[in-house]
Amino acid sequence: MPHYDKALFLYNGNAGANDMEQKLTQTLPVLAKAIRELTVIQTTSIADAKKACVTFADQIDLLIILGGDGTVHACINSIAALENRPVVAILPGGTSNDFSRMLQMPQNLKQAVNAIVNGETVDIDLGKSGDNYFLNFWGIGLVSEASQNINEDQKNNLGVLSYFMSTIRSVNQAEPFRYEVHAGGSKYAGEAVMILVLNGKFIGTKELPIPSIAPNDGKLDVLIVKNSTLASFRELLSMNNPNIDAEQLNELDYFQASDLKVTTDSHMDIDMDGEISERTPADIRVLPGHVRMVRVSET
């Protein structure tokens, strides 16, 4: 069991008051017993969260984030460039909580807080695109359209379902784009409806059937989906079979890379961990073992 002297606990003050009170009741007493000095900060905006992370980063051993993928993305981006980076622990408090799933964290808060207290730390890779960092995925095409199609009221009422409904809407409207990807001396070019650069394998709570994706292998996994037909999705599902050779795929291209350059025929919005922040072209690289995170102990 790791020992933490000082920790910062961040939570979003804009979340539902009754719901948040319950979440704090489930988590804070457990953490207060395990950590000698626990600072609790209520944030009211992403800028607030980023500022708190930067202010406390070199004063704490552990940064605990009670929030969704957007809050986690903001916090990771605020500490990634710092010399002293605390261990990061995620308490799943959002709609999808995708990277916490990658760390095998329970989605039940009581279980998750115990997993933090008793868990182990592991070095996790980060992706970097331009001046921004991503923990889970980088994507253009269908994935960014799905993010932008989400209706906020629907998201609040339907949770995970809203992501699926949004994706279905986007698939029906999918427009192919021309692309070039240069990686490790190889060039991939043609038309696609989506390009994903992956460090995690959960998007919108759904696990991609690609066993080789690992967040601590020093590689990014690149998936190019050429069209939104049933054949593409059948091929994607077939990747769960360890005997499938990537060379046999017709509707998809899949490979691993430590750095790559992506260009498209027109500027396209880039989705990083569910947040739109840049446009193509993009230079992407992996930062191996750049951040330490808490995951469920395997012992």
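User: Which residue in β17 does D269 stand opposite?
Analyst: Good place to start, and keep in mind that this is a predicted model. Strands β16 and β17 pair in the antiparallel sense over four bridges. Within that pairing, the residue of β17 that faces D269 is R279.

User: Which residue takes a positive phi in the hairpin of β16 and β17?
Analyst: Two residues lie between the strands of this hairpin. As a rule, most residues other than glycine have a negative phi, so a positive one catches the eye. Here phi is near 55 degrees, and the residue that takes this value is D273.

User: What does G139 stand opposite in β16?
Analyst: Let's look at how β16 meets strand β7. Strand β7 covers residues 137-141 and strand β16 covers residues 269-272, and the two pair in the antiparallel sense over two bridges. In β16, the residue opposite G139 is D271.

User: Which strands stand at the edges of the six-stranded open sheet?
Analyst: Follow the order of the sheet, which is β14-β13-β10-β7-β16-β17, with antiparallel pairing. A strand at the edge has a single partner strand, so one side of it is left without a neighbour in the sheet. From one strand to the next, the twist averages 20 degrees. The edge strands are β14 (252-257) and β17 (275-279).

User: Which residues does the cis peptide bond after β17 join?
Analyst: Move along the chain into the loop between β17 and β18 (282-295), where P281 lies. In general, most peptide bonds are trans, so a cis one is worth a look. Omega is about 5 degrees for this cis bond, and the residues joined are T280 and P281.

User: Over how many bridges do β5 and β18 pair?
Analyst: These two strands run in the antiparallel sense. You can find one spot along them where I124 stands opposite V291 in β18. The number of bridges between β5 and β18 is nine.

User: What does D259 stand opposite in β18?
Analyst: Strand β15 (residues 259-264) runs antiparallel to β18, and four bridges join them. The residue of β18 that D259 faces is R285.

User: Why are α2 and α3 called oblique to each other?
Analyst: Helix α2 spans residues 46-56 and helix α3 spans residues 69-79, and their axes come within 9 Å. The axes cross at roughly 40 degrees, and α2 passes α3 in a right-handed crossing. Angles under 35 degrees count as roughly parallel and those from 65 to 115 as roughly perpendicular, so this crossing falls into the remaining class. The pair is therefore oblique.

User: Which element gives the largest share of the lining of the largest cavity?
Analyst: A search of the whole structure finds one cavity of 30 Å³ or more, and the largest cavity has a volume of about 30 Å³. Its lining includes G67, V72, I90 and F99. Two elements, α3 and α4, give two or more residues to that lining. The largest share, three residues, comes from α4.

User: How many polar residues does the lining of the largest cavity have?
Analyst: Sort the lining by class. Three of the residues are nonpolar and two are charged. The polar count is four.

User: What is phi of N97 near?
Analyst: N97 is one of the residues that line the largest cavity. Along the chain, N97 sits in the loop between β4 (87-92) and α4. Its phi is positive although N97 is a residue other than glycine, and the value is near 55 degrees.

User: Which residues are closest to the centre of the second largest pocket?
Analyst: About 170 Å³ of space lies in this pocket. There are 15 residues in the lining, and the ones closest to the centre are M102, L103, Q104, P215 and R295.

User: How many charged residues are in the lining of the second largest pocket?
Analyst: Start with the elements: α4 (98-102) and β5 (120-129) each supply at least two residues of this lining. By class, eight of the residues are nonpolar and two are polar. The charged residues number five.

Key. Residues numbered from 1 in each chain as written. Predicted model: local features only at pLDDT ≥ 70, side-chain atom pairs only at ≥ 80, totals over all residues. Heavy atoms only, no water. Pairing = 2+ DSSP bridges. Axes fitted to C-alpha atoms, helices over the stretch in contact; angles between N-to-C directions. 1 Å grid on protein atoms, 1.4 Å probe; cavity = no way out; pocket = protein on both sides within 12 Å on 5 of 7 lines; lining within 4 Å. Points joined across faces, edges and corners; volume = space filled by probe spheres on them. Nonpolar A, V, L, I, M, F, W, Y, C, P; charged D, E, K, R; others polar. Parallel < 35°, antiparallel > 145°, perpendicular 65-115°, else oblique. Left-handed = near helix turned anticlockwise from the far one by under 90°.
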